[in-house]
Amino acid sequence: MVMSILLAGCKTTTPVEEANNDDSSMTEDDTDNSSTDTLENDEAEQAEPILVGFINYSDDIDATRLVHEGMQKKADELGIEMLYATAKTDAAQMISNADNMILQGVDVLVDFNFNMGGGAALKEKCDAAGIPLISIDMNYGEGTYYAGVSNQLAGEFSGEGAVEFINEKFGGEIEYLVISVGNALGEEINKRTRGAADAIRAAGIDLPAEKVIEIETGSGDTTQLATQQTTDFLTAHPDATKVLFIGGNDQNGLGFQAAIINQNREDDCLIVTHGCEAPARLALHENDPVWVGSVDYQFEKYADTVFDIIMKLMAGEEVPQESFVKLAFVTADNINDFYPAE
């Protein structure tokens, strides 16, 4: 394992298929085997740089694209070479990418995918290769390192943020809390939406368990499924006039929004999402009366947390299993503090 970092000279990302393993050590033709020269060279020799492998879910989603951009920027700042590949939302490609990176000698593997089964396979491969695995926003458990959101806290944060709007628009009452879940994502990540109910009840708002409705929206780009599920719910509840929708990502929000507008139910509904990506930012800049808030994960800053873990691991320091990023609840009132209108 490489234990020190070369900080001289920035390196660009090396695509996995184009990466090489040049050996920069001297050949026999480069030395006269002089012990004096060897001592002098030992004094001046620089340590071998760290090689980081980063497997991303996709570059077609704001969150994963922003994390990639932040990772590249941070790697360049530190002069660390980073192999990069996307899984293209495919679990098999995720595993193939890991195999390629391990063969190319990465010192640490970073994964940002949404597949617990794939994560277990990555852990086995990294354990066998003797390299650490850092997962982003999917906690692969003991023996790995997690960088991302505290899911329970994020869920409570979304509920707390929604309370203000429940009070303003619905007079402090709601008839239904409709939350998106992705069963393939696992129990932990679904706390982002399920945790909202805890915060709403803590604020003194009556919310019986039977009034919390879960809709399955899968993973990845979930807009279409969220639209259909929301349409089905609104059709089945034509008399509901105080409904809060909480989406685990902003693609859910787009689906909620489309169904609500299509059924002319804007007066009956509120939307809060997670991520504060482009769709949420647009709605908040326009002061949308339905889509009123989003929990901002500041994806472009994830790299600070990830590379802090990497540098500590390479230095032989102890690192906690979980390292959390900061959250903010963004509304129309403060959107310009975080993302000024262009």
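Cysteine 269 has a relative accessibility of 0% and therefore counts as buried, as does cysteine 276, likewise at 0% relative accessibility, where buried denotes under 20% relative accessible area, with a 1.4 Å probe and protein chains only. The structure nevertheless holds zero disulfides, a disulfide being a pair of cysteine sulfur atoms within 2.5 Å. These values come from a predicted model, in which local features need pLDDT of at least 70 and side-chain atom pairs count only at pLDDT 80 or more, whereas totals for chains, interfaces and linings use all residues. Residues are numbered from 1 along each chain as its sequence is written, and side-chain values use heavy atoms, with hydrogens and water left out.

The protein chain contains 11 helices and 13 strands, taken as DSSP runs (H or I, at least four residues, for helices; E, at least two, for strands) numbered from the N terminus. Of its 342 residues, 52% are buried. Contacts, defined by heavy atoms within 4.5 Å, join residues at least 24 apart in 75% of the cases in which the partners lie at least 6 apart in sequence.

Helix α10 comprises the 13 residues 302–314, and its end C-alpha atoms are 19 Å apart, in agreement with the 18 Å expected at 1.5 Å a residue, the expected span being 1.5 Å times one less than the number of residues. Its buried residues include Tyr302, Phe307, Ile310 and Met314, and the buried residues of α10 pack against β2 (51–56), α2 (62–78), β4 (108–112), β5 (133–136), β6 (145–148) and β12 (322–324). After α10 comes glycine 316, with a positive phi near 80 degrees.

Terms used
Buried < 20%, exposed > 50% of the residue type's maximum accessible area, 1.4 Å probe, protein only.
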